[in-house]
Amino acid sequence: MHSSSKKLLDQFANGDRRALAKLITLIDNRHEDVLEVLSIVRDRSGRAVKIGITGPPGSGKSTLVNRLISEFRKQNKSVGVLAIDPSSPFSGGAILGDRIRMQDHNTDAGVFIRSLGSRGAHGGLSRATRDIATLLDTFGTDVILIETVGVGQTELDIMSVAQTTVVVLVPESGDTIQTMKAGLMEIADIFVVNKSDRDGADHICAELNSLSEMYSTHWNVPVVKTVALKGDGVDDVMRRIDEHGRFLSGVQDKESRTKQLLLGECLEVLNSEVAELLAQSILTNKKFTKIREQLTSNKINPYAAVIELKKLVRIAK
Ligand SMILES: Nc1nc2c(ncn2[C@@H]2O[C@H](COP(=O)(O)OP(=O)(O)OP(=O)(O)O)[C@@H](O)[C@H]2O)c(=O)[nH]1
Ligand SMILES: [Mg+2]
């Protein structure tokens with residue numbers, strides 16, 4: 001490991017926020033020390049509560065997150081927020097809307113907000129989210145809120161990172177519920193019907209309740225009505241999050257669940273690392289340019305190109 005990385009880790013261990021930000025940048029840039037750094041950090045993680053907030057675009061996730069931050073701050077807990085937008089090319093800096101929605105907390109030292117778009121996430125969004133959440137966890141962040149746009153997108157398997165996932169829907173989400181049904185239940189630990197100041201909220205709540213009755217297994221997925229804009233129902237969301245946390249710590253098959261999560265984490269990191277090694281190995285090979293030319297001049301098709309490219313794979317490390 002580079003001495004600069006070691007120094008950063010020392011500063012990080014002393015609670016230096018700038019070192020935290022620099023380590024996140026190190027992850028973003030796929031610095032060669034990433035795995036070693038995270039391996040050290042990972043040993044001291046595991047204290048933070050990670051909560052996923054997911055739902056269709058514009059359903060009020062950030063507005064709700066803003067309210068949740070306030071509630072957790074009232075309990076004197078430090079909060080980390082990862083706002084993830086798979087469709088956004090922006091990363092690292094600010095996704096403007098999120099910043100504005102969460103601006104109540106911009107100057108609070110107990111709140112750390114970070115936006116992630118597809119561009120900055122070389123190892124995939126899921127991997128980047130996991131890495132940064134691990135950093136925040138070890139840094140001593142009590143609660144990590146992970147906001148992602150879209151429900152059930154495979155690119156970001158939020159459930160493998162967060163222990164509790166809140167799915168935020170709106171009175172207009174009837175179609176989403178009908179098309180996803182059991183799929184929605186696989187993701188949700190808590191349903192929130194936000195914007196319930198609008199018509200149709202009760203109807204959606206009823207639909208979700210019957211969905212929950214039909215598909216819930218050990219944990220009955222509750223349905224909470226909110227008007228995040230005004231803060232209505234947010235205390236109820238907090239209570240349900242707390243309940244779900246207590247439910248998880250009491251579940252019987254905790255051990256096998258933990259084993260599964262560890263294995264999942266390992267495979268995800270391995271996947272992104274191997275993909276990068278392969279890409280490097282291929283892109284730096286002299287024959288790559290020739291195969292690319294053959295492909296783009298229609299001499300060979302993409303499958304044939306892959307057959308040739310696979311022959312170039314040499315993993316040296
Ligand atoms: N009427 C009403 N509007 C709301 C409510 N909560 C949020 N909004 C508005 O809905 C719009 C979208 O809110 P956001 O919090 O940005 O929603 P989001 O889900 O984070 O949006 P994306 O991150 O872009 O997917 C904003 O104009 C909010 O002011 C609510 O309870 N009622
Ligand atoms: Mg948002």
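This report describes the fold, the sheet, a metal site and selected side-chain contacts of a predicted model.

## Overall make-up

The protein contains 13 helices and 7 strands. It has 317 residues, of which 45% count as buried. Among contacts with a separation of 6 or more, 76% are between residues 24 or more positions apart.

## The sheet

The 7 strands form an open sheet with parallel pairing, in the order β3-β2-β4-β1-β5-β6-β7. Its edge strands are β3 and β7, each of which pairs on one side only. From one strand to the next, the twist averages 20°.

At one edge, strand β3 covers residues 111-117. Its neighbour, strand β2 (residues 79-85), pairs with β3 in the parallel sense over 7 bridges. Within this pairing, Ala 83 has Ser 115 of β3 as its bridge partner.

Is β3 mostly covered or mostly open? It is mostly covered, with 7 of its 7 residues buried. In a regular strand, side chains alternate between the two faces of the sheet. For β3, the buried residues on one side are Val 111, Ile 113, Ser 115 and Gly 117, and those on the other are Phe 112, Arg 114 and Leu 116. Both faces of the strand are therefore covered.

At the other edge, β6 and β7 run parallel and are joined by 3 bridges. Here Val 192 stands opposite Val 224 in β7.

Helix α4 lies across several strands of the sheet: β1 (49-55), β2, β3, β4 and β5 (164-169). Relative to β4, the helix runs at about 175°.

## The magnesium site

Which residues are the protein donors of the magnesium ion (ligand 2)? They are Ser 62, through OG, and Glu 147, through OE, lying 2.1 Å from the ion. The two donors come from distant parts of the chain, 85 residues apart. Ser 62 belongs to helix α4 (residues 61-74), while Glu 147 belongs to strand β4 (residues 143-149). Both Ser 62 and Glu 147 are buried. The elements that supply these donors also meet in the packing described above, where α4 lies across β4 among other strands.

## Aromatic pairs

How many aromatic pairs does a search of the whole structure find? There are 2. A pair of aromatic rings is described by the distance of the centres and the angle of the planes. The table gives these values.

| Pair | Distance of centres | Angle of planes | Class |
|---|---|---|---|
| Phe 12 and Phe 139 | 5.4 Å | 35° | tilted |
| Trp 219 and Phe 247 | 5.3 Å | 40° | tilted |

Why does the pair of Phe 12 and Phe 139 count as tilted? Planes under 30 degrees apart would be stacked and those over 60 edge-to-face, so an angle of 35° leaves the tilted class. The 40° between the planes of Trp 219 and Phe 247 likewise makes that pair tilted.

The pair of Phe 12 and Phe 139 links distant parts of the chain, 127 residues apart. Phe 12 is in helix α1 (residues 3-13) and Phe 139 in helix α6 (residues 125-139). Phe 12 is buried, at 2% relative accessibility, whereas Phe 139 is partly exposed, at 23%.

In the other pair, Trp 219 lies in the loop between α9 (201-215) and β7 (223-225), and Phe 247 lies in helix α10 (residues 234-250). The pair therefore ties together parts that are 28 residues apart in sequence. Trp 219 counts as buried because its relative accessibility of 14% is under 20%. Phe 247, at 24%, counts as partly exposed.

## Two further residues

Helix α1 also holds Ser 5. Ser 5 is buried, with a relative accessibility of 1%. Leaving aside residues up to four places away in sequence, Ser 5 touches Leu 26, His 31, Asp 33 and Val 37.

Arg 198 is located in the loop between β6 (190-193) and α9. With a relative accessibility of 38%, Arg 198 is partly exposed. Beyond residues up to four places away in sequence, Arg 198 touches Pro 171 and Glu 172. The side chains of Arg 198 and Glu 172 are joined by a polar contact of 3.0 Å. These two residues are 26 residues apart in sequence, and their C-alpha atoms are 9.1 Å apart in space.

Technical notes
Residues are numbered from 1 along each chain as its sequence is written. Chains are lettered from A and ligands numbered from 1 in the order in which they are written. This is a predicted model: local features need pLDDT of at least 70, side-chain atom pairs count only at pLDDT 80 or more; totals for chains, interfaces and linings use all residues. Side-chain values use heavy atoms; hydrogens and water are left out. Rings of Phe, Tyr and Trp (its six-membered ring) pair if their centres lie within 6.5 Å; planes under 30 degrees apart count as stacked, over 60 as edge-to-face and the rest as tilted. Helices (H or I, at least four residues) and strands (E, at least two) are DSSP runs, numbered from the N terminus. Buried means under 20% relative accessible area, exposed over 50%, partly exposed in between (1.4 Å probe, protein chains only). Donors are N, O and S atoms within 2.8 Å of the metal (3.2 Å for Na, K and Ca); water is not among the atoms, so sites may look incomplete. Two strands pair if DSSP finds at least two bridges between them. Contact means heavy atoms within 4.5 Å. A polar contact is a pair of N or O atoms within 3.5 Å; within protein, one must be able to donate a hydrogen and the other to accept it, and residues adjacent in sequence count only if both atoms are side-chain atoms. Axes are lines fitted to C-alpha atoms, for helices over the stretch in contact, and angles run from 0 to 180 degrees between N-to-C directions.
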